[in-house]
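Please find below my notes on the model, set out point by point for checking against the coordinates.

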Amino acid sequence: MHTSYQPRTHVQTPYLFFTGKGGVGKTSVACATAVSLADQGKKVLLVSTDPASNLQDVFNMELTREPAVVPSVSHLYASNIDPEEAARAYREKTVGPYRDKLPESVVNQMEEQLSGACTVEIAAFDEFSHLLADDGIFKDFDHVLFDTAPTGHTLRLLTLPTAWSGYLEESTHGASCLGPLSGLGDKKNMYQKAMDTLSNGEKTTLVMVARPEESTLLEAYRASVELGKIGIEHQMLVINGVFQPYDAGDEVASVFYSEQQEALKEIPGALQQIRTYSLPYVPYSLTDIQHMRQIVSESPVAEVEITEESVDVEPLPSLKEVVDDFSAKNTRVIFTMGKGGVGKTSVASAIAVGLTEKGHRVHLTTTDPASHVADMFKDSRVHENLTISSIDPEVEVENYKAEVIANAGELNEDELAYLKEDLDSPCTEEIAVFRAFADVVDSEEEIVVIDTAPTGHTLLLLDSSEAYHKEMSRSTGDIPESVTKLLPRLRNPEETGVVVVTLPEATPVFEAGRLQEDLKRAEITPKWWVINRSLYAAGTKDPVLEARAATEKQWIRKVQNELSAQSALIPWGAAKNAGYEQWKVYIQS
């Protein structure tokens, strides 16, 4: 059993960076830490760079990038850096000077290169580097907390010599997630000072936040290793939401508890060497200061109150209706999309089984490195009309990297180091895997169900590369014919259906909304949203889980009324490791 997280005794450095997958509770843990330290009389600044930040709601005040006093907590200051706005300003500063000097297609390509998630992260890092490099801030505050840390990839990229040379302005190797970094200008010294602070164990602690779930613990492990390699070794792990069942007779509660315990037993060995603390699964939402104080108190799970909202949720379709819709319209390509850990693979598997049972020939393909799809069907009869394949992202990425490097021509050592690091960006994996998908989708005979898909940004990168290639004489990497054919098919609603998968919680819903906007830029509109793993739909009677189920309603309604054209709801526990026969029963029920 891990020690309960108590910021007043466990925080040992002036700077803290919180990192972890979306939806694990980074902002909540950062806020609870900030409030706890301020309550001890420490002068604290909390800086959020999270696009879905709810700091303003927690503190009930408007926030900007300038630190402001939080009236309800003595000694606490907060600031909210909008990374999307920072990225827009960064993009305009970089692209603006070329608008009337280069052909429109080239400018469009530059803008798209600078529209990815990595650029948002670079822009956010640029903003809080000012704080890290400012000795005055260090003197003014006992603790500065950053909600959302940069990835090791971004930090490694910024420390490479080539990131500060003219090579970037001349190179267009095609796969770049970051695009030309000329917007960095002369900030090398400031970034170096920020990096020195980050890697100083007496000044900075990296707080990795995870849930007791396999995917978030693996993400914490990857972040730990990645950031450790560049010298950020003073780390701690906070496992948020560890459940202790109140009602052993409640089936949902029993399974919920046992699944968490299984995940905790499988924590990667290297992660077990790091100081680890836990926070309990609580029946309330961490959306106000009172609850922030309570979760790090001696009695975090006090009385359970179920607050029934006056407006209930309108009944939502089940997954069966999603299958019926695709079957009736004879949709030929179906993507399930969403952030990691929301259940894309399970939803894709269920849709494939449902369509097979309706008499369609279906091919299900996945990029799940853990081969969960194969596990789901291992002990079950698989229908003769259902075929399953797996694409290994690591293999596809290595093949793609080799091709891009081969096409780049003669490079010196620094240039090659930069190119290799840039090819470690998330967009590279998306492009490489999408090319492999395109070969599978080339089949006209089967409905193809795919359990993940690239973002709208990556699709636009692929699309604009062709026009850009024609305009410029430089190599941008060849686009295979299968990819060229697939892009128009994806935009054709008669042929393709995109299913956005999310969870009934704040961060997953906000992230799914941003993903949808990203796709719309690429002229792709999702047909369905699927809200997965709903405790509200599961009908649990455990007091803690039932109280949490009540908090899901606002997010279910937001999806239903604001974000989706059509939405479906899957109860918690339904979409977990089912085999063919179980999925058949579930879909038909």
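The points below deal with one sheet, two helices that cross it, and helix H12.

1. This is a predicted model, in which local features need pLDDT of at least 70, side-chain atom pairs count only at pLDDT 80 or more, and totals for chains, interfaces and linings use all residues. Residues are numbered from 1 along each chain as its sequence is written, and side-chain values use heavy atoms, with hydrogens and water left out.

2. Seven strands form an open sheet in the order S12-S11-S13-S10-S14-S15-S16, with parallel pairing; strands (E, at least two residues) and helices (H or I, at least four) are DSSP runs numbered from the N terminus, and pairing requires at least two DSSP bridges. The edge strands, each pairing on one side only, are S12 (386-390) and S16 (567-571).

3. Helix H15 (residues 319-329) lies across S10, S14, S15 and S16, at about 155° to S15, while helix H23 (residues 506-521) lies across S10, S14 and S15, at about 155° to S14. These angles run from 0 to 180 degrees between N-to-C directions of axes fitted to C-alpha atoms, for helices over the stretch in contact, contact meaning heavy atoms within 4.5 Å.

4. In H12, the residues Val252, Ala253, Phe256, Gln260, Ala263 and Leu264 are buried, that is, under 20% relative accessible area with a 1.4 Å probe and protein chains only, whereas exposed means over 50% and partly exposed lies in between. The face of H12 turned away from its buried side carries the exposed residues Glu251 and Lys265.

Methods
Expected span 1.5 Å × (residues − 1).
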